[in-house]
Amino acid sequence: MDFQLTNNPTCGDNVTGHTSCLCTFQKCRGDNLGVLTTTRRDNRSATFKVVAENISKAYDKNSVLRRVNFDVRDGEFFSILGSSGCGKTTLLQILIGLLDADDGKIFKDGRDITTLEPARRGMGIVFQNYALFDNMTVFRNVAYALQFHGVDTAAARQKSARMLDIVGLSEFASKMPAELSGGQQQRVAIARALALEPDVILFDEPLSALDASTRLDIRRELKKIQRTLGTTMIYVTHDQEEAFALSDRVMILNRGVVSQIGTPEEIISSPANDYVQSFVVDNLQFKIDSLRRFLR
Ligand SMILES: Nc1ncnc2c1ncn2[C@@H]1O[C@H](COP(=O)(O)OP(=O)(O)OP(=O)(O)O)[C@@H](O)[C@H]1O
Ligand SMILES: [Mg+2]
């Protein structure tokens, strides 16, 4: 048995043993959560929300992912960080079931979902390009997916209104996507992903088309949503600062191979290899130094 430091699934704080969580997040209320976990190493798939086990993928003979292994905890904000072409989108597509891996397995809540169709995996996805329906209002964009999944009209309307409220877009409900800014369109895409109440949402570089200040606004909202709804978030980015600002843990992918998985603090203080040192630590240091010079 292993006793581990555990990420409280309700609030995201790290707690160990049978300690009460002291965070002020309303769902925790300081209760004793009894989060001491006694896990067996061979019981990995049952302990975590999502487990990727030895995922490999090649296009023709070009290997894109090589024996990728990682675990995501319930309620965790987990980022996959890597440079362009390292296999991030390929990995997300395999997680959600849009693409088959050549080898390996995906587990969710301990269940093998490797061959399950995407709609039955209980995962949502938000893409970089919003992927909204141009011919539907903001409200219909959110409600459509619910009705498509058989939710009755009254419930779909109620839920859509709530999700638009969560992302701060209630007053834009009757607008068309073309009448919104990029940041607002991405908020609609987030509301749509949330509407089906998936317990895991995947994000594929959702902020990369947006300006710096809108990125910051939406980052804050995502973090708030994660804490409020307890949704597990798996977030792909090539932006070191974004990954470190948002995440409980970060996985660094280099040419389809996992270089390191850890909290931002662990990665900064103990980079696992030269790639992590230069791609993450040196790059962040460069940004910090530049800012310092500017602020002087
Ligand atoms: N359908 C495909 N057929 C052949 N090769 C592909 C296909 N899709 C992706 N690739 C290749 O697989 C590699 C990984 O692509 P992927 O889109 O997963 O990278 P990424 O990390 O998401 O990059 P980016 O940050 O630019 O979005 C790239 O070299 C890409 O050219
Ligand atoms: Mg990509």
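The exercises below walk through a predicted model of a single chain, each with a worked solution.

Residues are numbered from 1 along each chain as its sequence is written, and chains are lettered from A and ligands numbered from 1 in the order in which they are written. Because this is a predicted model, local features need pLDDT of at least 70 and side-chain atom pairs count only at pLDDT 80 or more, while totals for chains, interfaces and linings use all residues.

**Exercise 1. Confidence**

Find the stretch where the pLDDT (the predictor's confidence in each residue, from 0 to 100) is below 50.

*Solution.* Start with the whole chain: the average pLDDT is 84, and 84% of the residues score at least 70. Next, look at residues 1-41, where the pLDDT is below 50. Beyond near neighbours in sequence, this stretch still has 60 contacts in the model; a contact means that two C-beta atoms, placed from the backbone, lie within 7 Å. Where pLDDT is low, the predicted coordinates should not be read in detail.

**Exercise 2. The four-stranded sheet**

Work out the strand order of the open sheet of four strands, and name its edges.

*Solution.* Count elements to begin with: the chain has nine helices and 14 strands, taken as DSSP runs (H or I, at least four residues, for helices; E, at least two, for strands) and numbered from the N terminus. Two strands pair if DSSP finds at least two bridges between them. Following the pairs gives β6-β5-β8-β9, with antiparallel pairing. The edge strands are β6 (62-72) and β9 (111-112), each of which pairs on one side only. Seven bridges link β5 (residues 50-59) with β6, and Ile55 has Val68 of β6 as its bridge partner. Finally, helix α2 (residues 88-96) packs on this sheet and touches β5, β6 and β8 (103-108). The direction of α2 makes about 120 degrees with that of β5, using axes fitted to C-alpha atoms (for helices over the stretch in contact) and angles from 0 to 180 degrees between N-to-C directions.

**Exercise 3. The six-stranded sheet**

Explain why one side of β10 and of β14 is left without a neighbour in the sheet.

*Solution.* Write the order down: β10-β11-β12-β7-β13-β14, an open sheet with mixed pairing. β10 (123-126) and β14 (257-262) stand at the edges with a single partner strand each, so one side of each has no neighbour in the sheet. Now check the pairs. β10 and β11 run parallel over four bridges, with Met123 opposite Val200. β11 and β12 (residues 232-237) are also parallel, joined by five bridges, and Phe203 stands opposite Tyr235. β13 (residues 249-254) and β14 run antiparallel, again with five bridges.

**Exercise 4. Burial around β11**

Is β11 mostly covered or mostly open?

*Solution.* Apply the cut-offs: a residue is buried if 20 or more other C-beta atoms lie within 10 Å of its own, exposed if 12 or fewer, and partly exposed in between, with C-beta atoms placed from the backbone. β11 is mostly covered, with five of its five residues buried. In a regular strand the side chains alternate between the two faces of the sheet. Here Val200, Leu202 and Asp204 lie on one side, and Ile201 and Phe203 on the other. Helix α5 packs on the sheet, touching β10 and β11 (200-204). Leu202 also appears among the contacts of Ile234, together with residues including Val50, Leu95 and Val200.

Methods: Lists of a residue's contacts leave out its neighbours within four places in sequence.
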